[in-house]
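Q: I would like to learn how to read a protein model. Could you take me through this one step by step?

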Amino acid sequence: MSQTTGPAANDADLRETLLKVTTATASAMLWRRGYPFTYMLGATPIQRGAKACGRAVTLRFGPGRPDLATPEADRNTKDPFWVAVETLQPGDFLVMDCGGDQSGATTGDILAARIQYRGAVGILCDGAIRDAAQIRELVGIPAWSKGVQGLGFNSTLVSLDYNIPVRAFGVTVIPGDYILADDDGAVMIPAALAQEIADICSEQEHKEEFIRGLVQQGEPVSEVYPPNAATLERYYAWKKAGH
C-alpha cells in the first residue's frame with residue numbers, strides 16, 4: 001500500500017467547480033493535453049441523473065485464491081477491502097479494479113451505507129455490485145459499475161491491495177486522482193491537472209451553452225460550431241453582458 005497525502009485546502013471548491021463540468025467536456029480537454037485514456041468506457045450509473053466528483057481511493061482485486069483469503073477474524077484489520085473502506089474520508093471516491101470480473105458483487109446496500117457514512121461521494125466498480133435498487137433508493141450514494149450481480153462477494157475474487165495505481169475500465173487511476181462521473185459514465189482527471197481542467201472546462205461549457213442557444217434559435221451548426229471568429233466575437237459580447 002502506498003501512502004497518500006490528505007486533501008488540499010481548496011479541494012472542496014475544486015470538486016464543486018468540477019461538478020459543473022460534464023465528463024464529455026473533461027475527457028475532450030484531457031485528450032487535447034495528451035491524455036487519450038481518461039474516459040471509462042462501460043462505467044454505467046445505477047442512478048440516472050446522479051453526478052459525483054471526488055479523490056480516488058483505489059482498491060485492487062484479483063481472481064480468488066484460498067491461500068490469499070483473509071481469515072474472518074482478521075478481516076477488519078488485514079483485508080485490504082475492509083481496511084480501504086475504513087480509511088475513506090469526506091470527498092473520496094472509492095475505485096475498485098476487479099479486472100472486469102462480474103462473477104461476484106463487491107458492494108451491496110449495507111457496505112454502500114458504510115461507504116457513504118465514511119464521507120465518500122461515490123463508488124466506481126470495474127466489476128459488479130448488487131442491491132442496485134436499495135443503493136439507489138435507500139442509501140443514495142451514487143454508484144457506477146460494469147454490471148449487477150445477484151451473488152455477493154465470494155471466493156471468485158480476493159482483495160489484494162489498496163491505494164496503489166490500478167486499472168479501471170481501461171484507465172490507469174492513481175490514488176488522489178479526481179474521478180468525475182455523470183450519466184455518460186466516468187472520467188479520470190490527474191490531480192496535477194484538476195484545477196486547470198476545472199477552469200478550462202467551465203469556460204468551454206459556458207461557450208457551448210451560448211452556441212446551443214444559437215442552434216435552438218435556428219442557426220445551422222456548420223456556421224457556429226466549431227465556433228469561428230464571428231461566433232466567438234458574439235460569445236464574448238454575450239458573456240460581457242452578464243450571461
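Q: Let me begin with one helix. Which elements do the buried residues of helix 2 pack against?
A: Happy to help, and please keep in mind that this is a predicted model. An α-helix has 3.6 residues a turn, so residues three or four places apart point the same way. Here, the buried residues of helix 2 pack against strand 1 (39-40), strand 11 (178-182), strand 12 (185-189) and helix 7 (194-216).

Q: Which residues of helix 2 are buried?
A: Helix 2 spans residues 23-32, and its buried residues are Thr23, Thr25, Ala26, Ser27, Met29 and Leu30. Following helix 2 comes Gly34, with a positive phi near 90°.

Q: Now the whole chain. How many helices and strands does the protein chain have?
A: The count is nine helices and twelve strands. Of the 243 residues, 47% count as buried. The C-alpha atoms fill a box of roughly 70 × 35 × 30 Å along the principal axes.

Q: Among contacts between residues at least 6 apart in sequence, what share joins residues at least 24 apart?
A: That share is 76% in this protein chain.

Q: Which residues touch the most other members of the largest nonpolar core?
A: First the general idea: in soluble globular proteins, nonpolar side chains tend to be buried together. In this model the largest nonpolar core has 25 residues, and Met96, Ile115 and Ile141 touch the most other members. Several elements each supply at least two residues of this core, including strand 3 (52-63), strand 4 (92-97) and helix 5 (109-117). Helix 4 gives the largest share, four residues. Apart from this core lies another one of 19 residues, among them Ala50, Ala52, Phe93 and Ile164.

Q: What does Met96 touch, leaving out residues up to four places away in sequence?
A: Its partners include Leu59, Phe61, Phe81, Ile123 and Leu124. Thr106, Thr107, Cys125 and Asp126 are also touched by Met96.

Q: Let me try a single polar residue. Is Ser159 buried or exposed?
A: The cut-off for buried is under 20% relative accessible area. Ser159 has 7%, so Ser159 is buried. You will find Ser159 in strand 8. The side chain of Ser159 makes a polar contact with the side chain of Asp79, at 2.4 Å. Setting aside residues up to four places away in sequence, Ser159 touches Arg60, Phe61, Asp79, Pro80, Phe81 and Phe153.

Q: Last, how many positive and negative side chains does the protein chain have?
A: There are 22 positive and 29 negative side chains, and the centres of the two sets lie 1 Å apart. As for the accessible surface, the total is about 11,900 Å², with 53% belonging to carbon and sulfur atoms.

Key
Residues numbered from 1 in each chain as written. Predicted model: local features only at pLDDT ≥ 70, side-chain atom pairs only at ≥ 80, totals over all residues. Heavy atoms only, no water. Buried < 20%, exposed > 50% of the residue type's maximum accessible area, 1.4 Å probe, protein only. Contact = heavy atoms within 4.5 Å. Areas by Shrake-Rupley, 256 points an atom, 1.4 Å probe, with all protein chains shown as cover. Lys, Arg positive; Asp, Glu negative; His and termini not counted. Charge placed at Lys NZ, Arg CZ, Asp CG, Glu CD. Core = buried A, V, L, I, M, F, W, Y, C linked by side-chain atoms within 4.5 Å. Polar contact = N/O pair within 3.5 Å; in protein donor to acceptor, adjacent residues only side chain to side chain.
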